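This report describes one protein chain, beginning with the overall figures and moving on to a few local features.

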Amino acid sequence: MSFHPRMEYAPAKFHKSERTLAEQGGDFKYTPENQAKFDENVTHYPPEQRKSAILFALYLAQGQQGYLTAAAMQHVAQQIGCTAAEVEDVVTYYTMFYRTPVGKYVINVCRTLSCALLGAERVTEELSAALGIKPGETDPTGTFTLVEVECLGACDRAPVVMVNDEWHERLAPEQSAKLIADIRTKGAAAFTGCHLNKEAQQGAGARGTGDRGKGDRT
Ligand code: FES
């Protein structure tokens with residue numbers, strides 16, 4: 001008799017070949033401004049490692065049309081010199097790339113261990129109630145999308161919520177509705193940001209006035 005628990009084989013729907021393909025979308029190419037940004041960024045890498053610019057290239061494409069269609073991925077593949085399948089592998093790996101339209105503000109709630117232990121599930125519930133949508137949904141006005149994601153890399157400041165590219169650290173469940181209300185009234189001005197950026201700015205300000213902060217060892 002085995003003491004190992006019986007392990008079911010993964011259902012067929014989890015097989016990679018069953019994943020949803022991105023919509024083709026209309027013709028896509030970078031705007032002249034984005035093409036110039038890409039051309040500059042790719043010079044940061046050796047010519048034979050052009051593929052290293054893939055994340056920057058994808059962010060440019062996503063910023064340009066809001067999400068990544070198959071046509072956009074094909075354009076990125078041409079730009080960096082790889083196959084569209086390789087680009088799609090990267091897009092489907094990272095949760096910050098979207099293959100369907102999302103709201104103006106994407107609310108990413110970390111659900112990994114540190115955040116889970118400090119109430120991330122309740123944060124999600126409060127955000128969900130404030131927005132009237134469930135995780136994975138976008139509100140009818142196209143303003144907010146709510147998603148649960150894995151570790152955002154700020155575990156010592158859990159629970160962490162990222163709105164677009166900005167962190168909100170130590171967000172208590174009771175503060176969640178206020179965060180949404182603030183974004184509704186103030187837009188991006190409501191973003192609190194990462195404490196490291198704030199400390200860096202404060203340090204730069206102190207150095208600029210000749211006032212050396214406690215943490216400044218130089
Ligand atoms: S576990 Fe939430 S940021 Fe790492």
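Buried residues account for 37% of the 218 residues in the protein. The model is a predicted one. The protein exposes about 13800 Å², and carbon and sulfur atoms supply 55% of that area. Among contacts between residues at least 6 apart in sequence, 63% join residues at least 24 apart.

The protein has eight helices and four strands. Read from the N terminus, the order of elements is α-α-α-α-β-α-α-β-β-β-α-α.

On the surface, E121, E125, E126 and E148 form a patch of negative charge. Helix α6 (residues 120-131) gives the largest share of this patch, three residues. E125 is in helix α6; its relative accessibility is 48%, so E125 counts as partly exposed.

The backbone has some less common geometry. Most residues other than glycine have a negative phi, and most peptide bonds are trans. The peptide bond from A158 to P159 is cis, with omega near -5°. P159 sits in the loop between β2 (144-149) and β3 (161-163).

Two residues with positive phi are listed below.

| Residue | Phi | Loop | Relative accessibility |
|---|---|---|---|
| N164 | near 50° | between β3 and β4 (166-168) | 24% |
| R170 | near 50° | between β4 and α7 (173-186) | 48% |

N164 is a residue other than glycine with a positive phi, and R170 is another residue of this kind. N164 counts as partly exposed because its relative accessibility is 24%. R170 is also partly exposed, at 48%.

Key. Residues are numbered from 1 along each chain as its sequence is written. This is a predicted model: local features need pLDDT of at least 70, side-chain atom pairs count only at pLDDT 80 or more; totals for chains, interfaces and linings use all residues. Side-chain values use heavy atoms; hydrogens and water are left out. Helices (H or I, at least four residues) and strands (E, at least two) are DSSP runs, numbered from the N terminus. Buried means under 20% relative accessible area, exposed over 50%, partly exposed in between (1.4 Å probe, protein chains only). Contact means heavy atoms within 4.5 Å. Accessible areas come from the Shrake-Rupley method with a 1.4 Å probe; for residues, only the protein chains shown count as cover. Patches are made of residues with over 30% relative accessible area and no salt bridge: like charges are joined within 9 Å, nonpolar side chains (Val, Leu, Ile, Met, Phe, Trp, Tyr) within 5 Å. A salt bridge is a side-chain nitrogen of Lys or Arg within 4 Å of a carboxyl oxygen of Asp or Glu. Lys and Arg count as positive and Asp and Glu as negative; His and the chain ends are not counted. The place of a charge is taken as NZ of Lys, CZ of Arg, CG of Asp or CD of Glu.
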